[in-house]
Amino acid sequence: MRNNSEPTIFDLSSVGRNGYQLPESDVRGSEFPTEFAREDLAFPELSEQDVVRHYSRLSALNYHVDKGLYPLGSCTMKYNPKISEKTARLDGFTQLHPLQPTETVQGALFLIYDLQHILSEISGFTACSLVPAAGAQGEFCGVKMIAAHHAYKKQHQRKVMLIPDSAHGTNPATSAMCGYECMPVKTDSRGNIDLEDLASKCNKELAGIMITLPNTLGLFDENILKATAMVHKSGGLVYGDGANMNALLGIAWLSDLGFDVMHYNLHKTFSTPHGGGGPGAGAVCCNRLLEPYLPGPICEMIEEGTKDEPPFYGLYSPERTIGMVKAFYGHFTVLVRAYTYLRVLGANGLRRVAEYAALNANYLMQALKKTYPLPYDRTCIHEFVLDIKWEDAPDIRALDVAKRLMDFGYHPPTNYFPLIVHESLMIEPTETENKRTLDEFIEAMNSIAEDARHAPEMLRKAPSETPFGRMDEVKAARDLKLTA
Ligand SMILES: Cc1ncc(COP(=O)(O)O)c(C=O)c1O
């Protein structure tokens, strides 16, 4: 539904106007095959200025993280420092060809080698592969590695993968793709893994568990050590979904908490512009047990340097590797951005990232819980989940609040995930926002809560200030129409 009249390029068209001047033709003309020509194909007729202004105006309608707060829980849309764009565009990186001999790409290999090392150190693990192209592919690799290990140990009866009921949808999808039977584990009243439910599912058929930490309620699981020990005791392995690692940088090692393998979402945690299927990197880190199964190629130092010669780097694939999952080295320029981010911040800076992520989320949560229902009311880490169920505004849903936020100029938070909170709004301010931005957001949210009681139609009709109004999202997905 269109709200205000943003003209299409056809509305702007005017017969006879054009934006080009071609020189006299100096080649012989030829007959155009008319059987392929259409009489009814409309072309807009515009000047160059009309076209430039039209597309410039449209580009400014897009919402993006450089325009304002993007509190999309679980997706971590933080500000992407521009220095990373600069380094990713250096000719020395962009002009490389992946088939060049290794002696001619030593700088790029050093970057891969050092990044593998830094990511292993941050998670406490011993090895890393940077090849997976996204978080979901990192998960796929990690769970395949678990499966390969059980197969190597002839533990073929291990066919169940446990997944907490708060998990991101990619976790069960990954397990199913790896041939596992997925079994949910309940969340207890404090938002932790329910240990009783977990105990009832730990047996000889258990291949492992996929745990997100902090979980998608934004909470640190208080039962994590007990949960991982229970899974190990039954012979299962523990996968860590590290999509929320911005909350733990420099604070905790997943290896210490009983995890065997994990992925990072480099594009979220270490800032690459992403979304809408944009480029990602889902680096996988693991302990010694699973190291032989990592996907290659992995970068290694073949010769140590001397005082006159730098070290020499090469590539290898581990002995029992799950195989190649992506062409060449993965999404290399995402790796360059992550490396830049890590090197610029250093160890102390990374810890401050985690501290600010938690501080910002808790500041917002404490303010908003005065006006919005908060189902798990305890200190959160990097995000928190509201449940839009007001007794005095029973018809207002999470979707209405999310859409109304667009009228205030914000990207809506994640909604209807995690599934265990039925009217959920999952808010992640990220570490990069300042107090003033957070206060303005609180003001907008409070004003929406007020309208929910006194002018509920403002929410139900929202958004009204954007070029397009509320979409029928199911129809849009099922009955996609790509023409005007
Ligand atoms: C908790 C969690 N796990 C996994 C993923 C998958 O990551 P990607 O989108 O890079 O495939 C996401 C992405 O939003 C996520 O939030």
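A charge is said to sit over a ring if NZ of Lys or CZ of Arg is within 6 Å of the ring centre and within 35 degrees of the ring normal. The exercises below apply this and related ideas to a predicted model.

**Exercise 1.** Find which residue lies over the face of Trp 390, and state its distance from the ring centre. Then do the same for the charged end that sits over the ring of Tyr 152.

*Solution.* Begin at Trp 390, where the residue lying over the face of the ring is Arg 453, at 4.5 Å from the ring centre. Turn next to Tyr 152, whose ring has the charged end of Arg 320 over it, 3.7 Å from the centre.

**Exercise 2.** Count the aromatic pairs in the whole structure, and classify the pair formed by Phe 93 and Phe 332.

*Solution.* A search through the whole structure gives 8 aromatic pairs. For Phe 93 and Phe 332, the ring centres are 5.6 Å apart and the planes meet at 65°, so this pair is edge-to-face, given that planes over 60 degrees apart count as such. Because Phe 93 belongs to helix H3 (residues 91–94) and Phe 332 to helix H10 (residues 332–368), the pair ties together parts that lie 239 residues apart in sequence. Both Phe 93 and Phe 332 are buried. Elsewhere, Phe 110, Tyr 113 and Tyr 313 make up one aromatic cluster.

**Exercise 3.** Describe the largest cavity by its volume and by the character of its lining.

*Solution.* There are 3 cavities of 30 Å³ or more, and the largest has a volume of about 80 Å³. Its lining includes Pro 164, Thr 187, Ile 211 and Asp 221, and the lining residues divide into 4 nonpolar, 6 polar and 1 charged.

Key:
Residues numbered from 1 in each chain as written. Predicted model: local features only at pLDDT ≥ 70, side-chain atom pairs only at ≥ 80, totals over all residues. Heavy atoms only, no water. 1 Å grid on protein atoms, 1.4 Å probe; cavity = no way out; pocket = protein on both sides within 12 Å on 5 of 7 lines; lining within 4 Å. Points joined across faces, edges and corners; volume = space filled by probe spheres on them. Nonpolar A, V, L, I, M, F, W, Y, C, P; charged D, E, K, R; others polar. Phe/Tyr/Trp six-rings, centres within 6.5 Å; stacked < 30°, edge-to-face > 60°. Helix = DSSP H or I, 4+ residues; strand = E, 2+ residues; numbered from the N terminus. Buried < 20%, exposed > 50% of the residue type's maximum accessible area, 1.4 Å probe, protein only.
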